[in-house]
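Trainee: I've got a model open and I'd like to learn how to read it. Can we go through a few features together?

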Amino acid sequence: DVETLVSHMAICAGFDLSMCSYLTNDSLASLGRLQKLRVVILDGVPSITDEGLAGLSAAGERLEVLSLAGNSNVTDEGLIAMGACCTRLQVLNVNQCGLLTHEAIVGIARNNRKLTTICASGTHLDDEGLSVLSNYLSSKSFTSLDISFCREISDFGINSLTQSCPSLIHVNMVGLIRITDEGCRLLTRACWYLRTLNLEDVFLL
């Protein structure tokens, strides 16, 4: 179990525990005690709740990568509390965490100005949220954003993004049904380093 791993791998810097269906909130408290922990990947572990994040927050100030993709029981309250403990995050993945709004994602970005990547597909991120979030993202180091299936985002939100994040390299906008040609033009004009732009199922182009 996780307690055994922690006791025998005290200097381990990262754990990928994706799809470990028997993982519990208490397991995260054990992980939080690791002094060298930098990377935690917990994709597809529905048993994890805000209580588990509270246990993991002991390692918050050391974490650089946090992935919670597909965890439908994580809420704004839990992620905001986690964000208050983190200052070094570079990668945040909350894809398909369907209870999350922009409040939680902004809470993370506010304290972690070295973020390079945010994956927020299928969350309740909207234009207002993307506009506020963009204010906390680095114009130089933030390079990758997944906002696919955040269906309330329109050209307005994309405009805010391009003004704050000209160094974007990878952007996923699959299923953004309110984006038009204008939003895409704004993005491609402002982001000269852009390499990949996914516009599948963007019907207003």
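Mentor: Let's start with exposure: buried means under 20% relative accessible area, exposed over 50%, and partly exposed in between, with a 1.4 Å probe and protein chains only. Keep in mind that this is a predicted model, where local features need pLDDT of at least 70, side-chain atom pairs count only at pLDDT 80 or more, and totals for chains, interfaces and linings use all residues. Residues are numbered from 1 along each chain as its sequence is written, and side-chain values use heavy atoms, leaving out hydrogens and water.

Trainee: Is Gln96 buried, exposed or partly exposed?

Mentor: Gln96 has a relative accessible area of 43%, so it is partly exposed. Gln96 sits in the loop between strand S4 (91–93) and H5; helices (H or I, at least four residues) and strands (E, at least two) are DSSP runs, numbered from the N terminus.

Trainee: What about phi there?

Mentor: Most residues other than glycine have a negative phi. Gln96 has a positive one, near 60°. Met19 is another non-glycine with a positive phi, about 65°. Met19 is in the loop between strand S1 (14–16) and H2, and it counts as exposed because its relative accessibility is 63%.

Trainee: Which residues does Val74 touch?

Mentor: Contact means heavy atoms within 4.5 Å. Not counting residues up to four places away in sequence, Val74 touches Ile48, Asp50, Leu53, Leu99 and Leu100. Val74 has a relative accessible area of 1%, so it is buried, although its place is in a loop, between strand S3 (65–67) and helix H4 (76–85).

Trainee: How do I read a helix pair?

Mentor: Fit lines to C-alpha atoms, for helices over the stretch in contact, and take the angle, from 0 to 180 degrees, between N-to-C directions. Under 35 degrees counts as roughly parallel, over 145 as roughly antiparallel, 65 to 115 as roughly perpendicular and the rest as oblique. The axes of helix H6 (residues 127–134) and helix H7 (residues 155–164) come within 8 Å and cross at roughly 5°, so H6 is roughly parallel to H7.

Trainee: And which residues touch the most other members of the largest nonpolar core?

Mentor: In soluble globular proteins, nonpolar side chains tend to be buried together. A nonpolar core is a set of buried Ala, Val, Leu, Ile, Met, Phe, Trp, Tyr and Cys residues joined through side-chain atoms within 4.5 Å. The largest one here has 58 residues, and Leu31 and Ile147 touch the most other members. H5 gives the largest share of this core, five residues.
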